[in-house]
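Hi,

Here's the structure I said I'd pass along. Have a look, and my notes follow right below.

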Amino acid sequence: MLRNILRCQLALVLCATASSYNPVPIVPQRGNLRTPISPAIKDTTNIGNLVVPHLGLGTIAWTAKDDESLLAIESIAQRAREQGLDFFDTAERYGAPPLAMIPAALANFGLPVDSSYLGGDCESNLGAHWGSGAKIATKFTPTPWRRSAQDVVDAAKASAERLQVQQLDLYQLHMPDIIQPFSRFGIEDIKNELYWDGLAECYKRGLVKNVGVSNYGPTLLARAQEHLAKQGVPLASNQIAFNLLTRRQGSEATVKAGAEMGVRTLAYYPLAMGLLTGKLTPERFKGKNDLRSRDLLRYLEG
C-alpha cells in the first residue's frame, strides 16, 4: 500500500533562473555524533511571496479508500514535513470519484438533482490531518456552470474552509476554460477572463496570498499576466506537465516564456507517471482498458 501511494505525482518547482545547490549542512550533536539536515530545508526557492523547497508533493493520487490507505498517506505526509518537504499541491477535485461531478453538471441544465458535492476530499484531509504546518497550493476547476468571478471567490472560500486556513497560500486555475460541451455545434462560451477577474478579486480581498494558473501555454500565459497586471495583481506561477519525455511538446517554450515574464513554472508528472523510474513494464498494463494504462503502454512499447 505504501509503495503504491509513493507513486503519487510530485510537483517539482522549476526555477526561472539557475540556482546553486546547497550541500547538506551538519548540525553538531552531543559527543562525536552529527545529524545531517535534509537538503530540502536549505534548497529553497520563491513562488510569489512563498518560500518553498524546490521539490513539492502532488496529491492527485492521495485518495484514502480505507483506514489503511489513510494511515499510509498520513505517514508519507508526516515524513515529508519532517524532511523539509512542506509544499503540497492539491485541487478541489482531488479525491472525488469520477462520477461525482455528474449531478452538478445536470443541475446546470435545470434538472432537480443534488449538486452540492463538488469534491474537496483531499483538501479536507490535508486540512485535518496531512498538511499541518505545510504550505498548500490548490486549484479552481473551470466548468460550464461556473460563469462569474464570484464563482471563483466562492470556491476559494470553500477551499480555505476545507483546508482550515484563513488565506490560501497559492490559488490556481486548474486549466483554461476548455470544457465546452456544445463546441461541436459551433457554440462556445469561453470564460477565461472572468476567471482571471475572480483570481484578482480573491487576491484583493486577502483570501489568497498568491495566484497562479495551470496548463497554460505561452500565449495564454501572457494574456493572463497582462490581464491581472492591469488590476495590480501579480501572476506567481504556471503549472504544466514537464519531464524528459514531454519537454519537446511545447513545455520548454512555456518554461522559457514564464522565465521571461517572471512567472515561476511548477512541473507535474516529472517522472512521467512512473515511466522514468524504470520500474514499469509493458506486461503490467497489457489487457487494461483505462486511459492511463493505454497511454503508459504506448510509451513503453513505442
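To start with, in which helix is Glu 226 found? That would be α8, which covers residues 218-229. Keep in mind throughout that this is a predicted model. Glu 226 counts as partly exposed because its relative accessibility is 46%, and partly exposed covers the range between 20% and 50%. Its C-alpha atom is separated by 10.0 Å from that of Met 261, a residue 35 positions away along the chain.

Next, Asp 43, which I'd look at in your viewer. It sits in the loop between α2 (39-42) and β4 (44-47). Asp 43 is buried but has no salt bridge. The nearest side chain of opposite charge belongs to Arg 264, and that is 9.9 Å away, whereas a salt bridge needs the charged atoms within 4 Å. What Asp 43 does have is a polar contact, side chain to side chain, with His 54 at 3.1 Å.

On the surface, there's a nonpolar patch of about 430 Å². Leu 244, Leu 245, Leu 271, Leu 276 and Tyr 299 make it up. One of these, Leu 245, lies in the loop between β11 (235-241) and α9 (247-261). With 36% relative accessibility, Leu 245 counts as partly exposed.

Last, the cysteines. A search of the whole structure turned up zero disulfides. Cys 122 counts as buried because its relative accessibility is 1%, and Cys 202 counts as buried at 0%; the cut-off for buried is under 20%.

Cheers

Methods: Residues numbered from 1 in each chain as written. Predicted model: local features only at pLDDT ≥ 70, side-chain atom pairs only at ≥ 80, totals over all residues. Heavy atoms only, no water. Patch = residues over 30% accessible without salt bridge, like charges linked within 9 Å, V, L, I, M, F, W, Y side chains within 5 Å. Areas by Shrake-Rupley, 256 points an atom, 1.4 Å probe, with all protein chains shown as cover. Helix = DSSP H or I, 4+ residues; strand = E, 2+ residues; numbered from the N terminus. Buried < 20%, exposed > 50% of the residue type's maximum accessible area, 1.4 Å probe, protein only. Disulfide = S-S within 2.5 Å. Lys, Arg positive; Asp, Glu negative; His and termini not counted. Polar contact = N/O pair within 3.5 Å; in protein donor to acceptor, adjacent residues only side chain to side chain.
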